[in-house]
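Please walk me through this structure. Start with the ligand, then move on to how the helices pack.

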Amino acid sequence: MELNPVQLFFEEYGEGIPVIFIHGFPFDHTIWNPMVPILKDKVRMILPDMRGFGGSPVPDGVYPMRLMAEDVVFLLNQLKIDRAVLVGHSMGGYVSLAFTHAYPNRVAGLALCSSQAAADSPEKRQGRYQTAEEITRRGTRVVAEKMVTKLTNDPELVSQLEQSILKTQAKGLIGALKGMAERQDALNWLSDISVPTVVIAGEADALISMERSQTMVQLLGKGWLVKLPEVGHMPMLEAPQQCADAILQVIDLVETA
Ligand code: MLT
């Protein structure tokens, strides 16, 4: 695979330990906005848009998780950051795991939020290719229609999330869908991760089951689970303070290591 990184758009707040917040599919860095007032006086927050989303370039082709990880390392190099804590939401968790596998020495700690280490089942993979094909025909609203009711239990957030999905570009959605479909299983090397890792899981997540989060925690050497009752797939929006507290547990351990 050719790993030609792109320059990501990002926002930055605060000082201290660098923490990179990697958003999930099909969003951009603004999903982390409720985290900013809580965390900006405690850490250096770096909020990129992944390729294909928000203000970042939207290249042609497939976006493998390993390539998205390369975009993140390119950003770290540019900012002269040697090691950082990675916070990855869902697809951002897949990117964080791909990053950790490729660059273990550059990761100080991890927060995997509403994410998983398993690869797609053949059915799930097939579904993603079908969705990609449908987007080509009918546009981005296909993703809004399929996902929006599964994202959260909070009716007030549904319309905000829908608007955000409708702003994305079809090419970016297709690149990321195919990239997720191709991703490798990380379960077989998860026990190699030696940095503090919190797994944050909403008990009402309709997209990623609690069992997947529990499996990750069992395999992680220094992993623990933070379960959020009545929270769906978007903990940073549905329970920002609890989500931030879980991230701060990682920061505390990194600071005292
Ligand atoms: C996400 O929120 O990033 C996606 O739902 C992840 C996925 O489709 O596997």
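A polar contact here is a pair of N or O atoms within 3.5 Å. Tyr-94 offers one to the ligand: a polar side-chain atom of Tyr-94 lies 2.5 Å from a ligand oxygen atom. Keep in mind that this is a predicted model.

Two other side chains also reach ligand oxygen. For Arg-128, an N or O atom of the side chain is 2.8 Å from an oxygen atom of the ligand. For His-233, the corresponding distance is 2.7 Å, again from a side-chain N or O atom to a ligand oxygen atom. These residues belong to a longer list around the ligand. Gly-24, Phe-25, Ser-90 and Met-91 are on that list, as are Met-147, Met-180 and Leu-207.

Now follow some of these residues into the helices. Met-91 and Tyr-94 are around the ligand, and both are also in H3, where they meet H2. Helix H2 spans residues 65-78 and helix H3 spans residues 91-102. Their axes come within 8 Å and cross at roughly 70°. H2 and H3 are therefore roughly perpendicular to each other, since angles of 65 to 115 degrees count as such. From H2, the contact takes in Met-65, Arg-66, Met-68, Ala-69, Val-72, Val-73 and Leu-76. From H3, Val-95, Ala-98, Phe-99 and Ala-102 join Met-91 and Tyr-94. By class, this contact has 12 nonpolar residues, no polar ones and 1 charged.

Arg-128 and Met-180 lead to another pair. Both are around the ligand, and both take part in the contact of H4 with H7, Arg-128 from H4 and Met-180 from H7. Helix H4 covers residues 122-138, and helix H7 covers residues 170-181. The axes are 9 Å apart, at an angle of about 170°. H4 and H7 are therefore roughly antiparallel to each other. Their crossing is left-handed. The H4 side also includes Arg-125, Tyr-129 and Ile-135. Leu-173, Ile-174 and Leu-177 are among the H7 residues they meet. The contact divides into 9 nonpolar, 2 polar and 3 charged residues.

One more pair remains. Helix H5 (residues 141-151) and helix H6 (residues 155-166) have axes that come within 9 Å and cross at roughly 155°. That makes H5 roughly antiparallel to H6. This crossing is right-handed. Arg-141, Val-143, Ala-144, Val-148 and Leu-151 of H5 meet Val-158, Leu-161, Glu-162, Ile-165 and Leu-166 of H6. Here 8 residues are nonpolar, none is polar and 2 are charged.

Notes:
Residues are numbered from 1 along each chain as its sequence is written. This is a predicted model: local features need pLDDT of at least 70, side-chain atom pairs count only at pLDDT 80 or more; totals for chains, interfaces and linings use all residues. Side-chain values use heavy atoms; hydrogens and water are left out. Axes are lines fitted to C-alpha atoms, for helices over the stretch in contact, and angles run from 0 to 180 degrees between N-to-C directions. Helices (H or I, at least four residues) and strands (E, at least two) are DSSP runs, numbered from the N terminus. Angles under 35 degrees count as roughly parallel, over 145 as roughly antiparallel, 65 to 115 as roughly perpendicular and the rest as oblique. A crossing is left-handed if the near helix is turned anticlockwise from the far one by less than a right angle, and right-handed if clockwise. Contact means heavy atoms within 4.5 Å. Ala, Val, Leu, Ile, Met, Phe, Trp, Tyr, Cys and Pro count as nonpolar, Asp, Glu, Lys and Arg as charged, and the others, Gly among them, as polar. A residue is near a molecule or strand if one of its heavy atoms lies within 4 Å of it. A polar contact is a pair of N or O atoms within 3.5 Å; within protein, one must be able to donate a hydrogen and the other to accept it, and residues adjacent in sequence count only if both atoms are side-chain atoms.
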